[in-house]
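Subject: Structure handover

Hello,

Here is the structure I promised to pass on. Please open it first, then read the notes below.

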Amino acid sequence: MVLRLPAGWGARTQTLSLQAGADGSTFTTVKAVAAYAFDPAADNTVTLTLPATVQRWFRLTVTANSGWPAGQLSEFEVRSS
């Protein structure tokens, strides 16, 4: 999974967790709560490695952001390997 902010934005750390589910109503945690650094030197991109799973729905929860009083993302991309 790749998360992005606009390249010109300043550095920030966001705390998030990720849940996934097959039917859109039942979700399980696939990434526990953790802090992730978005750094302009790395194109403000964070890559999350997920366990092998077949899911259709993903729910990302942002609980803290050092750069703004709300969660921020410009892209949320899930790729199959």
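Which residue in strand 3 does Thr15 stand opposite? Thr15 faces Ala35 there. I will come back to that pair of strands below.

First, a word on what you are looking at. This is a predicted model. The protein chain has an average pLDDT of 94. A score of at least 70 is reached by 99% of the residues. Strand 2 has the highest confidence, at 97. The lowest is in strand 6 (residues 75–77), at a mean of 93.

Overall make-up

The protein chain holds six strands and zero helices. Read from the N terminus, its elements go β-β-β-β-β-β. The radius of gyration is 13 Å, close to the 12 Å from the globule rule for 81 residues, so the chain is as compact as a globular protein of that length. Along the principal axes, the C-alpha atoms fill a box of roughly 35 × 25 × 15 Å.

Of the 81 residues, 26% count as buried. The accessible surface is about 5,000 Å². Carbon and sulfur atoms account for 52% of that surface. Now take the contacts with a separation of 6 or more: 67% of them involve residues 24 or more positions apart.

The sheet with strands 3, 2 and 5

Three strands make an open sheet in the order 3-2-5, and their pairing is antiparallel. Strand 3 and strand 5 (57–65) are at the edges with a single partner strand each, so one side of each has no neighbour in the sheet. From one strand to the next, the twist averages 20 degrees.

Strand 2 covers residues 12–21, and strand 3 covers residues 28–38. Eight bridges join these two antiparallel strands. Besides the Thr15 and Ala35 pair, Gln14 has Tyr36 as its bridge partner in strand 3. Leu18 stands opposite Lys31 in that strand. The hairpin of strand 2 and strand 3 has six residues between the strands. In this hairpin, Gly24 takes a positive phi near 85 degrees.

On the other side, strand 2 runs antiparallel to strand 5, and eight bridges join them. Gln14 appears here too: it stands opposite Asn65 in strand 5.

Strand 2 and Leu18

Is strand 2 mostly covered or mostly uncovered? It is mostly covered, with eight of its ten residues buried. Leu18 has its place in this strand. Leu18 is buried, because its relative accessible area is 0% and buried means under 20%.

What does Leu18 contact, leaving aside its neighbours within four places in sequence? Here are its partners:

- Met1, Thr28, Thr29, Val30 and Lys31 are among them.
- Leu50, Phe58, Arg59, Leu60 and Phe76 are on the list as well.

Leu60 shows how the fold brings separate parts of the sequence together: Leu18 and Leu60 are 42 residues apart in sequence, but 4.6 Å apart in space, C-alpha to C-alpha.

The sheet with strands 4, 1 and 6

A further open sheet of three strands has the order 4-1-6, with antiparallel pairing. Its edge strands are strand 4 (45–47) and strand 6, and each of them pairs on one side only. The twist here averages 10 degrees from one strand to the next.

Strand 1 covers residues 2–4. Three bridges join strand 1 to strand 6, and the two run antiparallel. Arg4 stands opposite Glu75 in strand 6.

Where to start

Begin at strand 2, where eight of ten residues are buried. Then follow Leu18 across to Lys31 in strand 3. After that, go to Arg4 and Glu75 for the pairing with strand 6.

Best wishes

Technical notes. Residues numbered from 1 in each chain as written. Predicted model: local features only at pLDDT ≥ 70, side-chain atom pairs only at ≥ 80, totals over all residues. Heavy atoms only, no water. Pairing = 2+ DSSP bridges. Helix = DSSP H or I, 4+ residues; strand = E, 2+ residues; numbered from the N terminus. Axes fitted to C-alpha atoms, helices over the stretch in contact; angles between N-to-C directions. pLDDT = per-residue confidence, 0-100. Rg over C-alpha atoms; globule rule 2.2 N^0.38 Å. Buried < 20%, exposed > 50% of the residue type's maximum accessible area, 1.4 Å probe, protein only. Contact = heavy atoms within 4.5 Å. Areas by Shrake-Rupley, 256 points an atom, 1.4 Å probe, with all protein chains shown as cover.
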